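Me: Got a minute to go through this structure with me? I'll paste it here.
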2 protein chains.
Amino acid sequence: MDLLERLGLGGRRVLLLHHDDLGLSHAQNGAYQALGFPTGSVMVPGAWAGAVRGEDLGVHLTLTSEWPAPRMRPLTGGESLRDEAGYFPASLEALWQRARAEEVERELKAQIEAASRLFRPTHLDAHQGAVLRPDLAEVYLRLAQAYRLPPLLPQSLEGLGVPPLFLPDLERLLAQAPFPRVRLLDPYGLPPEERLGFYLGLAALPPGLYQLLHHSALPTPEGRALPDWRTREADYFALAHPEVRRILAEFHPLTWGAIREAL
Amino acid sequence: MDLLERLGLGGRRVLLLHHDDLGLSHAQNGAYQALGFPTGSVMVPGAWAGAVRGEDLGVHLTLTSEWPAPRMRPLTGGESLRDEAGYFPASLEALWQRARAEEVERELKAQIEAASRLFRPTHLDAHQGAVLRPDLAEVYLRLAQAYRLPPLLPQSLEGLGVPPLFLPDLERLLAQAPFPRVRLLDPYGLPPEERLGFYLGLAALPPGLYQLLHHSALPTPEGRALPDWRTREADYFALAHPEVRRILAEFHPLTWGAIREAL
């Protein structure tokens, strides 16, 4: 039976409004507090992970660290997960070329267990989709079952930049996984000046289960030290806009905690 | 022969103006850039370590992490160096009760080697004086010799809060160490309203080799998230003050790089 049917939400427009990259910076955490939406996920290797307080927080499993600063290191010793200065690789390509699945599994377990010391996780997802290499996706699904934490699984792999070589195995894994799949809405790559239009356009969506990913960060000097600060601030300002909030309020709000209880 | 004599600075007032805790936060790094003094040391486990650029940077060896955020983890796997969530212990007491010297040595080596991938270190010192336990002081001195990085060694152990039990062994180690010792000037514990007076009072110092420790940080939301932000901002504002700068300019400026070359 479909998750929405089971939740009594069949035929409705249901929204997981999800704040990515919490714990990465003070600016990211500050936006989470300021916006007041409960759902997001925390980068446990981030310096600010210990300062996130909220009601519906997952583990934003991290295997890459893409800026010179703030930069993150693995919690475990796997040599295939670190560059010469000991940081996570800066790109998915570098990660996928070198990462050994058993070292990934050890690291992701350590992140989940460390997260459980900081807050009560409700779900899993992965920074930059780092677990899309099929053998890492198997690890991701195995850990989701082992820890009883529903994983973010997209309804469709189109438009996610997945290497074509990975697609057949990934499709098979997703089809077999005993977890619901969500329609992803992700404005990250849009120019900031189109951000408000993107959010206002959500009014036209048909019924279904959506996860809207946003990367809101406060407009502070620290927040603006990240090279992609413009897209983060664009999310923050759009989600503070009263007309966007009116449109979001037309969706039924869902949490990962509720999904977890329904499984 | 005395270091100052060898440098041709005998009888002068010589100053190492030292910025502690670089790499810890964006605010700390930003103050370093804004003030323009070359000397400081970098916390390699800090999220912002990779963003410090400067002429006279040391390794601020780190074994404790005293705030909930930003929080730091060891680079190596030593169980005696981490709490249950995997972070460095929050206090010197917790560290000194549990830390195994061989795990400390492995961790500090990793920090020095990771630092060398980020910049060219000129010296060593230790966050919160974490190496004052005598067996850890031996590790510190051994690494200083092995890596040819002069370590910060105080002229006097008085007023540093060293447990009395440690003093006899520490005094012996310091007396034997083949490195110069400096007179420490550290306003960290003074109330912020006394900070300007402290700096202006430096005008009265007699000749000698001084290291003035400061913790300057920018007055930003991220900087003010640290519980001790007031003392950091007090240093920043005092060191930007023209009268303080005039008094500091009366000292002969020294760098750790110059000390390293003279050894």
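Me: What does A:Pro219 touch, leaving out residues up to four places away in sequence?
Reply: A:Arg224, A:Glu233, A:Tyr236 and A:Phe237. Bear in mind that this is a predicted model.

Me: Where is the place of A:Pro219 in chain A?
Reply: In the loop between β6 (208–214) and α8 (229–239).

Me: How far apart are A:Pro219 and A:Glu233, in sequence and in space?
Reply: 14 residues in sequence. In space, 6.2 Å from C-alpha to C-alpha.

Me: And what is the relative accessible area of A:Pro219?
Reply: 36%. Buried means under 20% and exposed means over 50%, so A:Pro219 counts as partly exposed.

Me: New topic, helix α2 of chain A. How many of its 10 residues are buried?
Reply: Eight, so helix α2 (residues 26–35) is largely enclosed by the rest of the structure.

Me: Which ones are buried?
Reply: A:His26, A:Ala27, A:Gln28, A:Asn29, A:Gly30, A:Ala31, A:Tyr32 and A:Leu35.

Me: What covers them?
Reply: The cover includes strands β1 (13–22), β2 (39–42), β3 (56–61) and β6 of chain A. Helices α8 and α9 (242–248) are also among the covering elements.

Me: What comes just after α2(A)?
Reply: A:Gly36, with a positive phi of about 85°.

Me: On to the two chains. How does chain B lie on chain A?
Reply: A turn of 180° with a shift of 0.0 Å along the axis lays chain B on chain A, at an RMSD of 0.0 Å. The copies are therefore related as by a two-fold rotation axis. The same surface serves both, as 96% of the contact residues of chain B recur in chain A.

Me: How many residues are in contact?
Reply: 26 of chain B with 25 of chain A.

Me: How much area do the chains bury between them?
Reply: About 2200 Å², and 63% of that is on carbon and sulfur atoms. B:Ala47, B:Trp48 and B:Arg73 supply 23% of what chain B buries against chain A. No other three residues give more.

Me: How many salt bridges are there between chain B and chain A?
Reply: Two. In one salt bridge, the side chains of B:Arg117 and A:Glu84 meet at 3.1 Å, N to O. Across the interface there are also six residue pairs in polar contact, both residues at pLDDT 80 or more.

Me: Which element of chain B gives the largest share of the side that touches chain A?
Reply: Helix α4 (residues 101–118), with three residues. That side of chain B divides into 17 nonpolar, three polar and six charged residues.

Key:
Residues numbered from 1 in each chain as written. Chains lettered and ligands numbered in written order. Predicted model: local features only at pLDDT ≥ 70, side-chain atom pairs only at ≥ 80, totals over all residues. Heavy atoms only, no water. Least-squares fit on C-alpha atoms with pLDDT ≥ 70 in both. Contact = heavy atoms within 4.5 Å. Buried area = accessible area lost by both parts, 1.4 Å probe. Salt bridge = Lys/Arg side-chain N within 4 Å of Asp/Glu carboxyl O. Polar contact = N/O pair within 3.5 Å; in protein donor to acceptor, adjacent residues only side chain to side chain. Helix = DSSP H or I, 4+ residues; strand = E, 2+ residues; numbered from the N terminus. Nonpolar A, V, L, I, M, F, W, Y, C, P; charged D, E, K, R; others polar. Buried < 20%, exposed > 50% of the residue type's maximum accessible area, 1.4 Å probe, protein only.
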